[in-house]
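Welcome! Please take a moment to look over the sequence and the 3D view before reading on.

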Amino acid sequence: MSQKQKLSLKILKILQSEFPITKNPYQMLSDKLDMDEEELIAEIKRLKKQGYVRRIGAAASASRLGYKSTLIGAKITEGSIRANIAFINSYDNVTHNYLRDAQYNVWFTFSAKTKKEIGQFIKIFKKRRGIVNVLSLPSKKTFKINAEFRF
Amino acid sequence: MAKIMLSAKEKQILNFIQGDLPLKSSPYSSLAKKLNIEEKKVVEIIALLKERGYIRRFGALLSHDLVGLRANCMCVWNIPEERIEEVGKICSKEKAISHCYLRASKPDWPYNFYTMVHAKTKSECKKIITEISKKCEVDGFKMLFTLKKFKKTSPTYRV
């Protein structure tokens, strides 16, 4: 691994785990990394452009903010997948949506401020062409969520 | 249910920081100006929001591909109710598992325990899951590998 790659990794780790809540976070981090603030910002810009950093900001607690969410597994016919995916993805309530290798082939999360809103969505969704069956699986307990990547 | 007791300013700050912060020396300057408060105050409020549990984590969100984690599996388990806590504890400690939930099972879907497993390859994922199943002494599970990602965005919970 080159010196430059090592530095990039170090920056990614520190951005993920030790991002300071302070007025000038990059100045503080650049001191830690023993580099110029401008240099650090330019490097982060590059890491973002290359897709390594998706976003820098806060992950809010959905439950603390009173949001309800559910995991939906759907059995969807092959021929209707495209149209149904477009429908599902058109909702901002959906943040993750995957095709999986099972009879229930499409899995996505749906969150809303009320259970009623989730129920209304499911009712409409079930009636769509190509939807064979739908499972709605709200979580009863969270054991682990969104841990940081170790690398 | 948790009561949400946030002031208008706190709400605006929380909405703002759930986006991608401006990549510059003073990421909060525009927000401070808009709210007509000092940057120092914005930072204080963010720290308090974190302390009060409204913010789970703060920092960079990295891409799975970065660490070469290209195989992603949702492994669903059928765990007897009385063993949930024990298995939940074991799975939470597992490095390869990012998310772990107890959910209700359904008549034609007997799985009540959900783990997201990430590894470099599909076979590595399978190996990890087999090891977990041995460790937990549970063999009722099903692996659902990701074939395609249709959507993956950071959730924004507007307040």
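What follows is a short tour of helices and strands and how they are arranged.

This is a predicted model, in which local features need pLDDT of at least 70, side-chain atom pairs count only at pLDDT 80 or more, and totals for chains, interfaces and linings use all residues. Residues are numbered from 1 along each chain as its sequence is written, while chains are lettered from A and ligands numbered from 1 in the order in which they are written.

**The sheet**

Let us begin with the strands. Helices (H or I, at least four residues) and strands (E, at least two) are DSSP runs, numbered from the N terminus. Two strands pair if DSSP finds at least two bridges between them. An open sheet of 9 strands with antiparallel pairing follows the order S5(A)-S2(A)-S4(A)-S3(A)-S5(B)-S2(B)-S4(B)-S3(B)-S6(A). Strand S5 (131-137) and strand S6 (139-144) of chain A are at the edges with a single partner strand each, so one side of each has no neighbour in the sheet. On average, neighbouring strands of this sheet are turned by 30° against each other, direction ignored.

Here are three of the antiparallel pairs:

| Strand | Partner | Bridges | Facing residues |
|---|---|---|---|
| S2(A), residues 68-76 | S4(A), residues 106-112 | 7 bridges | Ile72(A) and Phe108(A) |
| S3(A), residues 96-100 | S4(A) | 3 bridges | Asn97(A) and Phe108(A) |
| S3(A) | S5(B), residues 141-152 | 5 bridges | Arg100(A) and Thr146(B) |

S3(A) and S4(A) also form a hairpin, with 5 residues between them.

**Helices**

How do H1(A) and H3(A) pack? Helix H1 (residues 3-17) and helix H3 (residues 37-49) of chain A pack at an angle of about 85°, their axes 11 Å apart. Axes here are lines fitted to C-alpha atoms, for helices over the stretch in contact, and angles run from 0 to 180 degrees between N-to-C directions. H1(A) is therefore roughly perpendicular to H3(A), a term that covers 65 to 115 degrees.

Where they meet, Ser8(A), Ile11(A) and Leu12(A) of H1(A) are in contact with Glu43(A), Ile44(A) and Leu47(A) of H3(A), contact being C-beta atoms, placed from the backbone, within 7 Å. By class, this contact has 4 nonpolar, 1 polar and 1 charged residues. Ala, Val, Leu, Ile, Met, Phe, Trp, Tyr, Cys and Pro count as nonpolar, Asp, Glu, Lys and Arg as charged, and the others, Gly among them, as polar.

In chain B, helix H5 (residues 122-136) lies across strand S2 (71-77), S4 and S5 of chain B, at about 140° to S4(B).

Key
Parallel < 35°, antiparallel > 145°, perpendicular 65-115°, else oblique. Contact = placed C-beta atoms within 7 Å.
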